[in-house]
Every structure is written in structure tokens, then in C-alpha cells.
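Visitor: I am new to protein models and would like to know what stands behind the words people use for them. Could you walk me through one?

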Amino acid sequence: MTTAADLTTATVRRAADAQPLITESDLPPARHFVDGKFVEGSTDRVIDVVDPSTEDIIARIPEGTAEDIDRAVAAAVAAEDQWARRVPKDRSEVLHAIADRLAEHTDLLVRLESANTGKPLAVSRDDVGMTIDTFRFMAGAVRATTSLAAGDYAENHLSVILREPLGVIGVITPWNYPLLMAAWKIAPILAAGNTLVLKPSEQTPLTTLKFAELVADLLPPGVLNVVNGYGPGAGARLAEHPDVNMIALTGSVNSGHAVARAAADTLKRVHLELGGKAPVVIFEDADLTAAASSLRAAGFWNSGQECGAACRVLVHESVAEQFVEQLVGEVESLVVGEPTSGEDVEVGPMVSKAHFDRVTGYLERAKKEGVRVATGGGALDGPGYFVAPTVLVDVPEGAEVAREEIFGPVISVETFADEEEAVRRANDVPLGLSASVWTENARRTHDIAARLDFGTVWVNSHLVLAGEVPWGGFKGSGYGRDLSLYALDDYSRTKHVMHNHGR
């Protein structure tokens, strides 16, 4: 059997003489942000923040405790009424001011994000751009919400539907898109009139803390609070806290289970955006060149650490060999490297040693099970947590790599014989976040897209997002919607007020 060593031809581009991405002065305060200011933690315990390209420690942040969460929640509760009473125009202007402030510091945020996560600069730049756009969209959306028209739905009784904030929202964000996922939560939460306490990933907290530093003077104290820490400690307390009205998580399926269980005792609302295992269904009439080119980005964007990644190809058996050849050509031309080594770098490292071990473990088990490596297949020489961009072929139905989220630079390829088999196998995964269909048959695009059990289905493209349309999944991918007016709905509640006006 061919081994990874035989096929892992990629090398890591490194920048021997490049200037570091960030200096000491670029870092945010290594503290919690509570009630409008940075504060020390309740203990002396700290968490190392590691640059995954070099394995160097770039910062140390306090390890938050239940006591730290309680202090932040109290600040959010105290600020809740004043912020909720602001009219939409006022909240909109604050969100526009936040967007302007972020735009002024785009370069700093890009460099800080790449230093903390290892992202190529192009990916970080896209993240910051969409972060700014998310605040601008929500600033406009909050002034244009719609609801059921007031009217007499019972004789002599006027019904008025009010939309109110929920109160204090607890937010837990992931390590793969630290700033962007924070924005996807913060912008609609603030727009809807809520206050919040956010726990960023302990691995990638720097841009969230920098965000708090940059906008501190734009928000009343207590409206936005950030507490660092681990999920089982700070995160669990946030999810169970009796004064938190909703918990919103973007993260793994296991994290979703833990958060939902913790929230159950207080019956608080839960918003979950969890993992994905996106099938890419390629029919015999598809534009194979366009599909392979699209997967170059959609399968390896952010080094495959992307819940909507085009990671599982189902291609018609009659064109499978031709498609794999084109896909492998695209993948072997990807530029792997440190973010400091050039603007054309497309694939960076895994975010941590633990995640690196997880991804390479999937690859090793796949090879032992007889899955063939068409290119890549293993780790690249260190330092840093780099994995070669990989294409796995001859993947049997039900294989581990075809069902479980690897969350790395890996695409698996399966084949199918007809439409019924394609739909059945595409849906036969526990996750339901996103999928794509590739065909030139217009009738087929409508039919197949309707039968796929995923929250987003692209046709002849993959991983294209816009702030105006919702993002969220079905099944094990959770519930709730990010982006769009649907997010504003998630972070608010409706109240029916009925007036008896009979005379």
C-alpha cells in the first residue's frame, strides 16, 4: 500500500528574514474585559497562547473561573435595561461606529489574527472584511424589522406584536474564526438590544480581546464583556448561569451537547452552530474543471478548519477518474506556508498540537483501512503544525473519513451510480450544515437541492456567504441561524399585547 511518505510532496514555505507579524505593542491587554475595562482574574492561573506556525508562545492570558463569569454576568445584568431602552436608530449608530473603528484598524487585526491562528493573510483579511460588513448589515437591519400587522384579530380587540430583547446572552466562540464568529454573535445581539458575556476559545483569544479594547469607548460599560478560560470551567458556568437568558455557541458537536445540557436546568434558550460534513455531489454533466477549481478554495480555505468545507466529494462513477485527476492537480499546486512567507500562501498550519494529532490520526487510520491517498496524506516537517493538503480516494460507503468531521486539509472522494444513491449517501451523515450540487441540468438542481438535508445548499459553487442570507444547519449541526434578519429574530422575543377597545 502506498504510504503518506510516498505522496506528501508539499513543503512548508518559511520566511527566514521576514519581520514578525506583531510586536508587543500590538497585543491586547492579557486580562478579562468586564464592565467597560480590563480587569485581573480571580486566580493567578494563566493559559499559553501559541503561534501554530512556529510553536512559540506569544501571550499568556488569565484562566477564567466561575467567579469571573459571575462578575461579568452581573455587569451585563446591570447594563441590560439602559441598552434595551435605546431606540433602534441609536443602537444602529453604535454598530456603525464599531464598524468604522474596525475598518481603521484592519491591518492590525489581520496581522494579529494570522499570528494567533496561523491563517494565511488572505484568509485573515477576508475575515476582517466580513466582520466589518456584519456590523454594517446589522446596523441597517435593526431599523427595518417587520412583524405581523397590528389589527383586530378578535372582535373589538386590537393586537400589537412587540419584539423585545432577550436580556443577557452568553456567547462561546470557536478557535477557527475567532474574530468573525464573535462578530456573527455580537452584532445581532447588540442590535437586538441585548447585553452579553463572551468566552473566546482559550487557544485564539487575541483578536476578541483586541476588539474589546478598540470599541471600549463606543459601548456603555457592561454591554460587552469578555472572559477568557476553558470550556469545562468558564464556559460551563456561563451556560448554566441563572441570570443568562440565552447561550449561543459556535463549536463542536460535543461542546453543543455540553452547553445544551447545562442550559436545561434554567430552561434558557440555546443557539447552536456546530460541525459540518459537507457533501459535494458531482453529476456526470457537471463542469469538472470548475468544480475542481472551486474545491481548491472551498476544501482548503482556512486549511480545511471550516465547518462548511467541501470535504466529502460524491462523484458519478463515469467521470470519477477524470475529476480526481483534475482535483489532484489543483491540490498539488496549493502554496503551504507561514503567513509571513507571502501573500500567495493558501494553506497554513493546524491551530494546535492536539488538533494536528487529531487530523493526522484520521489519515493514519484511513490508510490502514485501505483508503488510497491520491496526494498528501500526512504531516509536513516542523516547526509548526502543518499537514499536507490531501485527497483520499477509493473511500467506501460508511468509512470513518466519509462520516466524521476531520476539520483539516483533507478531501475524501466517493463514487455513486445514480441520483437515488447520491442523495441517500449525501444525507447519510449525522451532520447537516451545508452541501453543494454540481450539474448543468436546471431541473435536477432544484430537485436534488430540495432533497438534501442541509441548511445551505449551493448549486455549482461552494462556500459562498453573504450577510443578507442565513447560515445554520440541521440534525447534529445544531439549530439557530447566524447572519441575516433570522439572527435578529433568534436574539429577540415576541410579545403580544391585546387592547379591548369595545364601546
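Guide: Here is a walk through some sheets, residues and hollows of this structure, with the rule behind each word.

Guide: This is a predicted model, in which local features need pLDDT of at least 70, side-chain atom pairs count only at pLDDT 80 or more, and totals for chains, interfaces and linings use all residues. Residues are numbered from 1 along each chain as its sequence is written, and side-chain values use heavy atoms, with hydrogens and water left out.

Visitor: Why is isoleucine 98 called buried?

Guide: Buried means under 20% relative accessible area, exposed means over 50%, and partly exposed is in between (1.4 Å probe, protein chains only). Isoleucine 98 has 0% relative accessibility, so it counts as buried. Isoleucine 98 lies in helix H3; helices (H or I, at least four residues) and strands (E, at least two) are DSSP runs, numbered from the N terminus.

Visitor: What does isoleucine 98 touch, leaving out residues up to four places away in sequence?

Guide: Contact means heavy atoms within 4.5 Å. By that rule isoleucine 98 touches Phe135, Leu190, Phe211, Val215, Leu218 and Leu219.

Visitor: Is glutamate 63 buried or exposed, and how do you know?

Guide: Its relative accessible area is 18%, so glutamate 63 is buried. Glutamate 63 sits in the loop between strand S4 (56-62) and helix H2 (66-84). Apart from neighbours within four places in sequence, the contacts of glutamate 63 include Thr43, Arg45, Asp68 and Tyr230.

Visitor: And which word fits lysine 475?

Guide: Lysine 475 has 36% relative accessibility, so it counts as partly exposed. Lysine 475 belongs to strand S20. Its phi is near 50 degrees, a positive value in a residue other than glycine.

Visitor: Where is leucine 463 found?

Guide: Leucine 463 is in the loop between S19 and strand S20 (474-475). Its relative accessible area is 18%, so leucine 463 is buried. Phi of leucine 463 is near 70 degrees, again a positive value in a residue other than glycine.

Visitor: How do you know that S3 and S4 pair?

Guide: Two strands pair if DSSP finds at least two bridges between them. Six bridges join S3 to S4, which run antiparallel, so the pair meets the rule. Valine 49 stands opposite alanine 59 in S4. The hairpin of S3 and S4 has four residues between the strands, and in it glutamate 55 takes a positive phi near 70 degrees.

Visitor: Which residues make up the covered face of strand S3?

Guide: The covered face of strand S3 (residues 46-51) holds Ile47, Val49 and Asp51, while Val46, Asp48 and Val50 are on the uncovered one. In a regular strand the side chains alternate between the two faces of the sheet.

Visitor: Why do strand S5 and strand S22 stand at the edges of their sheet?

Guide: Three strands form this open sheet, in the order S5-S6-S22, with antiparallel pairing. Strand S5 (151-154) and strand S22 (492-500) each have a single partner strand, so one side of each is left without a neighbour in the sheet. Strand S6 (residues 157-165) and S22 pair over nine bridges, and valine 160 stands opposite valine 497 in S22.

Visitor: What order do the strands take in the open sheet of seven?

Guide: The order is S14-S15-S16-S13-S12-S18-S19, and the pairing is mixed. The edge strands, each pairing on one side only, are strand S14 (372-375) and strand S19 (456-459). Strand S13 (residues 312-316) and strand S16 (residues 410-416) run parallel and are joined by five bridges. Valine 313 has valine 413 in S16 as its bridge partner.

Visitor: What makes a hollow a cavity or a pocket?

Guide: On a 1 Å grid over the protein atoms alone, a cavity is a set of points where a 1.4 Å probe fits but cannot get out; a pocket is an open set with protein on both sides within 12 Å along at least five of seven lines, and lining residues have an atom within 4 Å of a point. The second largest pocket is lined by 18 residues, and Pro88, Arg91, Thr145, Arg163 and Glu164 lie nearest its centre. S6 gives the most to this lining, with five residues.
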